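Let's take a walk through this structure together, a couple of helices first and then two single residues. Keep the picture open while you read.

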Amino acid sequence: MLDPRGPRFAAWVTTVVFVVVLVLAFVSPLAAAIVAGVQTVVFAIGAFAGPKHGPYGLVYRYAIAPRRGRPSELEPVAPVRFAQAVGLVFGVLATVGFGTGVVALGVIAAALALVAAFLNAAFGLCLGCEVYLLYRRATHRPLAARVHPSTP
C-alpha cells in the first residue's frame, strides 16, 4: 500500500519537468530530448521497481513524508505502477520525437504527459490509475481504490 500524497508530489515534479521539456522544445530539441529522457528513466524506475523506489518517491519518503505525519488513507501500488508505465510510453515517444527531429511527435507526447501529470498533481485524478481500475472492473477483478491504515 502507498501513501497517495507521494504520487501527487511526484506528479508536481513531473509537471514542472514537462513544462521545461516543452519550453526547451522551441529552443533546443536536443536539450528537450535529454530532459525528456531523464524523466523517461524516472518513469521506468517507477513502473518496474515501484513508485516508492523512484527518485521522486525517495525524496517524498525521506524528506517530505516525515514532516507531514501519517496519511489518512492508503492506496494500492498496482494502479500507480501502471500509470508510471503509461508515462514511460509517452516519455519514450517524446524522447524519440525530439531526438530524431520529429519535434511534433515530441511536443504532442510531452503535452499529453504534462496534462496527465497536472491532473494528478492538482486534482488527484490519475488517468493511468483510472484506466487500470477500469480494466480490472471489466475483467471482473476489482481492486479496492483506497483503504484506511490501521492505527497503532
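## Helix α2: what's tucked away

In this predicted model, the buried residues of α2 are Ala 32, Ala 33, Ala 36, Gly 37, Gln 39, Thr 40, Val 42, Phe 43, Gly 46 and Ala 47. What do the buried residues of α2 pack against? Their partners are three other helices: α1 (5-27), α3 (55-68) and α4 (77-100).

You can also check the length of α2 yourself. The helix has 20 residues, 29-48, and at 1.5 Å a residue it should span 28 Å. The C-alpha atoms at its ends are 28 Å apart, so expectation and model agree. Just after the helix comes a little detail to look for: Gly 50 has a positive phi, about 105°.

## Helix α5: one face in, another out

Now try the ruler on α5. With 21 residues (103-123) at 1.5 Å each, this helix should span 30 Å, and its end C-alpha atoms sit 29 Å apart, which agrees.

Which residues of α5 are buried? They are Gly 106, Ala 109, Ala 110, Ala 113, Leu 114, Ala 117, Asn 120 and Ala 121. Look down the axis of α5 and you'll find these buried residues within an arc of 140°, so they line one face of the helix. Helices α1 and α4 are among what covers them. Turn to the other side of α5 and you meet Ala 104, Ile 108 and Phe 123, which are exposed.

Just after α5, Gly 124 takes a positive phi too, of about 75°.

## Val 77: far in sequence, together in space

Val 77 belongs to helix α4. Is Val 77 buried, exposed or partly exposed? Its relative accessible area is 23%, so Val 77 counts as partly exposed, since buried would need a value under 20%.

Here's a fun one: Val 77 and Met 1 are separated by 76 residues in sequence, yet their C-alpha atoms are 5.7 Å apart in space. Leaving aside residues up to four places away in sequence, Val 77 touches Met 1, Leu 2 and Pro 51.

## Asp 3: a buried residue with polar contacts

Asp 3 sits in the segment before α1. Its relative accessibility is 15%, which means that Asp 3 counts as buried.

The side chain of Asp 3 makes a polar contact of 2.9 Å with the side chain of Arg 5, and another of 3.1 Å with that of Tyr 60. Tyr 60 also turns up among the residues that Asp 3 touches, along with Pro 71 and Leu 74, not counting residues up to four places away in sequence.

How values were computed. Residues are numbered from 1 along each chain as its sequence is written. This is a predicted model: local features need pLDDT of at least 70, side-chain atom pairs count only at pLDDT 80 or more; totals for chains, interfaces and linings use all residues. Side-chain values use heavy atoms; hydrogens and water are left out. Helices (H or I, at least four residues) and strands (E, at least two) are DSSP runs, numbered from the N terminus. The expected span of a helix is 1.5 Å times one less than its number of residues. Buried means under 20% relative accessible area, exposed over 50%, partly exposed in between (1.4 Å probe, protein chains only). Contact means heavy atoms within 4.5 Å. The arc is that of the directions from the helix axis to the C-beta atoms. A polar contact is a pair of N or O atoms within 3.5 Å; within protein, one must be able to donate a hydrogen and the other to accept it, and residues adjacent in sequence count only if both atoms are side-chain atoms.
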